Amino acid sequence: MFVHKVWEEKEIKLMTQKNMPFPMLSDLGGSIGRLYNVYDEEMCMNLRGTFLIDPNGVLQSADILAAGVGRNLDEILRRITAIQHTQCTNEVTPVNWSKGKQTLIPSPSLVGNVCNTWKK
């Protein structure tokens, strides 16, 4: 947890000019990593995993990256915004959606007509 604190204060903030709006968790011993199947027994560490879990405890998004691949904070924040939006509406977010852009309302008539409905 101390490494995360320094990483957030000395690195992430400088690289992104943003504060981390959610906590980074530490998993000493890998018990949580084993539950999510991201713990590498040989290396005794978790792979880089980002798991977005809603207030009801439901996993909404999961990314698992190789140790050398960095995460995209803007994409994680976009995904959180999209999850929050879809949980509060009957809408879905299309490819490359960001806050304020057009959403879609799922229906049988939308099947095969997304291109005609969605203004890029």
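Ala, Val, Leu, Ile, Met, Phe, Trp, Tyr, Cys and Pro count here as nonpolar, Asp, Glu, Lys and Arg as charged, and the others, Gly among them, as polar. The legends below describe a predicted model.

**View 1. Composition of the lining of the largest pocket.** The residues of this lining divide into 28 nonpolar, 13 polar and four charged. In total 45 residues line the pocket, and those that lie nearest its centre are Met24, Leu25, Gly49, Thr50 and Arg71. The space in the largest pocket amounts to about 1700 Å³.

**View 2. Helices and strands that contribute to the largest pocket.** At least two residues of the lining come from each of α1 (2-16), α2 (31-35), β2 (45-46), β3 (48-53) and α3 (73-88). Of these, α3 gives the most, with eight residues.

**View 3. Helix α1 and the residue that follows.** The end C-alpha atoms of α1 are 20 Å apart, which agrees with the 21 Å that its 15 residues should span at 1.5 Å a residue. The helix nevertheless bends by about 40° at Glu8, and α1 is followed by Gln17, whose phi is positive, near 55°.

**View 4. Surroundings of Tyr39 in strand β1.** Tyr39 is found in β1, which comprises residues 39-40, and is buried because its relative accessible area of 17% falls under the 20% cut-off. When neighbours within four places in sequence are left aside, the residues in contact with Tyr39 are Gly29, Gly30, Gly33, Arg34, Cys44, Met45 and Asn46. For one of these partners, Gly29, which lies 10 residues from Tyr39 along the chain, the separation between the two C-alpha atoms is 9.3 Å.

Definitions and conventions: Residues are numbered from 1 along each chain as its sequence is written. This is a predicted model: local features need pLDDT of at least 70, side-chain atom pairs count only at pLDDT 80 or more; totals for chains, interfaces and linings use all residues. Side-chain values use heavy atoms; hydrogens and water are left out. On a 1 Å grid over the protein atoms alone, a cavity is a set of points where a 1.4 Å probe fits but cannot get out, and a pocket is an open set with protein on both sides within 12 Å along at least five of seven lines; lining residues have an atom within 4 Å of a point. Grid points are joined across faces, edges and corners, and a volume is the space filled by probe spheres set on the points. Helices (H or I, at least four residues) and strands (E, at least two) are DSSP runs, numbered from the N terminus. The expected span of a helix is 1.5 Å times one less than its number of residues. The bend at a residue is the angle between axes fitted to the seven residues ending there and the seven starting there. Buried means under 20% relative accessible area, exposed over 50%, partly exposed in between (1.4 Å probe, protein chains only). Contact means heavy atoms within 4.5 Å.
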